[in-house]
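Got the viewer open and the mouse ready? Follow along stop by stop, selecting as you go.

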Amino acid sequence: MGKTLVEKIWDAHVVKSQEGFPDILYIDTHLIHEVTSPQAFDGLRKRGLPVYRPQQTVATADHNVPTLNQHLPIQEELSRYQVDMLTKNCKEFGIELYGLGHPYQGIVHVIGPELGITQPGKTMVCGDSHTSTHGAFGAIAFGIGTSQVEQVFATQCLLQQKPKTMKIEVNGSLGAGVGAKDIILYIISKISAAGGTGYFVEYAGSAIRSLSMEGRMTICNMSIEMGARGGLIAPDQTTFDYIYGRELAPKGEKWDEALAYWETLYSDEDAQFDEVLVFEAADIQPMITYGTNPGMGIGVTENIPTTASQPESEQPSYKKALGYMGFQDGEKVLGKPVDYVFIGSCTNSRIEDLRQVAAFVQGKQKAENVEVWIVPGSKQVEAQAKQEGIDKIFQEAGFMLREPGCSACLGMNEDKIPAGKYCVSTSNRNFEGRQGPNARTMLVSPLTAAAAAITGKVVDVRELI
Amino acid sequence: MKKFEKLKSRIVPLPIENIDTDQIIPARFLKATTREGFGDNLFRDWRFDSNNEPKQDFVMNDPTYTGRILVAGKNFGCGSSREHAAWAIQDYGFDVVISSFFADIFKGNALNNGVLPITVPEEFLEKIFAVTFANPEAEILVDLEAQTVTLAETGEQIEFEINPYKKSCLINGYDDIDFILSHTAEIENFEQTRPFSFYR
Ligand code: SF4
């Protein structure tokens with residue numbers, strides 16, 4: 001019997017498989033950042049261990065950095081201490097750091113692909129759940145906790161149970177104004193925020209194939225929002241073209257060697273998945289979330305489902321979510337006023353996202369009632385945006401282009417949405433308080449966010465293009 | 001790591017579904033660089049209002065309910081990979097979390113810190129809530145060796161699943177690093193077999 005792509009990559013990385021034990025899985029690349037690494041470095045010190053393969057480890061500062069005046073020392077003391085600690089630890093343990101001020105600095109899941117570190121067939125981990133992003137290249141990439149960060153530091157391996165596999169096919173073509181973000185929000189709304197738990201998901205089908213690498217990253221990024229361990233897409237010419245020539249991509253003979261291997265990375269036709277789901281692209285409209293988990297999403301023209309329509313045991317949680325959002329059973333989100341628009345995060349802060357937003361807002365002005373924050377995913381994205389004049393378009397529209405970081409995606413630095421305010425956001429989580437205490441988040445695509453910025457309310461972007 | 005064998009305790013009921021790690025410990029409290037002290041901010045925004053006053057209607061501020069076992073609705077621990085969530089739960093004083101469904105990463109993080117996540121059937125979870133709300137002093141017995149959870153009052157018992165390797169780690173207080181480090185020769189051999197340099 002054939003193998004799934006996940007099985008192929010997994011099996012190629014098993015150092016040891018023993019009955020009754022999880023597999024010892026070799027990790028090719030370990031990405032780290034300031035928030036989930038300090039306790040792991042401490043652990044190493046306590047055990048008197050070095051980082052086993054420091055050259056397979058890359059660090060950046062992203063979660064906790066300010067997105068204004070990055071050239072100045074960080075104001076907030078605890079944040080500064082945490083970022084300084086990363087610098088100190090990387091130096092002590094010999095790890096390459098693309099920290100603040102470095103031209104490669106950025107959100108860890110944006111810089112990996114951008115620098116060519118992310119490659120097909122790799123195993124990649126990071127102390128961050130959205131590590132699934134890198135799966136877009138046909139890699140096994142997943143988030144880990146700090147104890148596991150320490151394990152990878154110490155051994156370049158992880159103890160892991162082989163995951164079950166799920167295939168999600170999206171076939172056909174997307175309508176105008178509908179993009180990768182809408183696909184993934186649609187899938188999660190159909191299978192729920194826990195529907196993928198225990199699985200590694202492979203996305204397939206013509207609608208997925210036709211996506212750019214950026215779009216594929218958006219899809220894989222949110223795999224964790226359905227509870228999946230990770231998500232991946234078999235590499236193809238789009239993938240190879242994206243990687244070719246990047247800073248840390250293989251070059252010359254190594255490229256040929258790598259490519260020959262990468263071309264073997266697909267699920268065999270007779271491979272068995274534990275679960276297969278099929279969706280039609282034509283059924284997907286621009287999506288928006290109305291609740292406090294990413295599974296609570298609807299097409300932008302649809303009505304918020306009623307509490308009564310939910311399974312009885314889930315009704316109290318459902319009610320609580322609507323109460324938090326200030327929404328009523330059965331009403332429309334369309335036309336709801338918006339206070340903030342956040343375009344950023346590892347889901348949608350790549351140059352393609354910024355280009356798409358810029359193309360839409362060119363010559364337009366933001367609505368008076370909204371504040372618009374655009375936070376590029378990396379220094380390179382920022383530089384590219386400036387080179388293309390995108391920054392000017394944003395400026396004229398009244399948008400604020402900030403400096404790279406996680407920003408309002410998680411409300412850890414000062415970029416927080418005030419209590420009770422509505423934020424239309426291109427990030428990936430709408431949990432209570434995610435963007436700041438009592439902030440109300442509605443997750444959308446960059447285009448829908450841009451439309452909200454211009455009109456000051458939730459609108460169907462298809463009517464504006 | 002702390003050893004775990006048996007526990008008899010009252011419980012703290014939290015019948016809410018999809019409790020995510022941002023609720024367990026909001027990001028703004030992740031700035032610490034050690035593992036200690038996160039318990040103070042466990043469920044911060046449910047426990048305290050914006051003036052840092054305890055919210056009276058939240059179960060953890062109700063002295064009626066106390067204990068070392070947290071019982072929560074399904075899909076507990078979804079969201080981010082922050083191990084701080086497991087640290088906060090442990091630091092606050094919970095040794096066991098019972099739910100009908102756990103998010104993967106949280107479950108692994110809990111186990112790696114000696115906090116035992118126990119998955120029970122939906123009906124049993126409902127029963128625990130019902131029993132506790134009827135009698136807040138009701139106790140639960142957790143026996144890791146036997147892999148059982150028992151309602152002390154009624155004697156109702158169910159078995160739970162746990163990976164045998166993880167079970168022995170908890171009972172003996174070992175962690176994964178100790179285990180993997182005993183295989184370094186195999187890791188080095190494996191590295192020799194890699195088809196080409198995966199990094200640079
Ligand atoms: S942008 Fe948001 S989701 Fe992505 S790594 Fe940063 S905090 Fe996590």
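**Stop 1: the second largest pocket**

In chain A, select α6 (180–191), β14 (297–299) and α11 (315–325): each of these gives at least two residues to the lining of the second largest pocket. Keep in mind as you look around that this is a predicted model. Which element gives the most to this lining? That would be α6(A), with five residues.

How much space lies in this pocket? About 770 Å³. Of the 38 residues that line the pocket, the ones closest to its centre are A:Asn293, A:Gly295, A:Met296, A:Gln310 and B:Asn18. Show those as sticks, then try colouring the whole lining by class: you should get 16 nonpolar, 13 polar and nine charged residues.

**Stop 2: a pair on α11**

Now pick A:Lys320 and A:Glu432, which form a salt bridge with their closest N and O atoms 2.8 Å apart. A:Lys320 sits in helix α11 of chain A, while A:Glu432 is in the loop between β18 (422–425) and β19 (440–443) of chain A, so this pair ties together parts that are 112 residues apart in sequence. Why can such side chains pair up? Side chains of opposite charge can do so when their charged atoms come close. A search over all chains finds 36 salt bridges in the whole structure.

**Stop 3: the largest pocket**

Next, select A:Gln161, B:Asp104, B:Lys107, B:Gly108 and B:Leu111; of the 35 residues lining the largest pocket, these are the closest to its centre. About 930 Å³ of space lies in this pocket.

Which elements should you highlight around it? In chain A, go for β7 (140–143) and β8 (157–160), and in chain B take α4 and β4 (116–119); these are the elements that give two or more residues to the lining. The biggest giver is α4(B), with six residues. Colour this lining by class and you get 15 nonpolar, twelve polar and eight charged residues.

**Stop 4: the cavities**

Time to look for enclosed space. Rolling a probe the size of a water molecule over the atoms shows where empty space is left. How many cavities of 30 Å³ or more does the structure hold? Six.

Start with the largest cavity, which has a volume of about 210 Å³. Select A:His63, A:Asp128, A:Leu410, A:Arg434 and B:Ser80: out of the 21 residues that line this cavity, they lie nearest its centre. By class, the lining has seven nonpolar, ten polar and four charged residues.

Then move to the second largest cavity, with a volume of about 70 Å³. From chain A, its lining takes A:Ile224, A:Gly227, A:Ala228 and A:Arg229. From chain B come B:Gly77, B:Cys78, B:Gly79, B:Ala103, B:Asp104, B:Ile105 and B:Phe106. Sorted by class, that makes six nonpolar, three polar and two charged residues. You may recognise B:Asp104, which is also one of the residues closest to the centre of the largest pocket.

**Stop 5: where the chains meet**

Last stop: give chain A and chain B two colours and look at the contact between them. Here 58 residues of chain B are in contact with 84 residues of chain A. The two chains bury about 5,800 Å² between them, with 57% of it on carbon and sulfur atoms.

How many salt bridges cross this interface? The rule finds nine. To see a salt bridge between the chains, zoom in on B:Asp178 and A:Arg47, whose side chains meet at 3.3 Å, N to O. On the side of chain B that touches chain A, the elements giving two or more residues are α1 (21–24), α2 (44–47), α3 (84–92), α4 (104–111), α6 (164–172), α7 (176–181) and α8 (184–193) of chain B. This side of chain B has 23 nonpolar, 16 polar and 19 charged residues.

Technical notes. Residues numbered from 1 in each chain as written. Chains lettered and ligands numbered in written order. Predicted model: local features only at pLDDT ≥ 70, side-chain atom pairs only at ≥ 80, totals over all residues. Heavy atoms only, no water. Contact = heavy atoms within 4.5 Å. Buried area = accessible area lost by both parts, 1.4 Å probe. Salt bridge = Lys/Arg side-chain N within 4 Å of Asp/Glu carboxyl O. Helix = DSSP H or I, 4+ residues; strand = E, 2+ residues; numbered from the N terminus. Nonpolar A, V, L, I, M, F, W, Y, C, P; charged D, E, K, R; others polar. 1 Å grid on protein atoms, 1.4 Å probe; cavity = no way out; pocket = protein on both sides within 12 Å on 5 of 7 lines; lining within 4 Å. Points joined across faces, edges and corners; volume = space filled by probe spheres on them.
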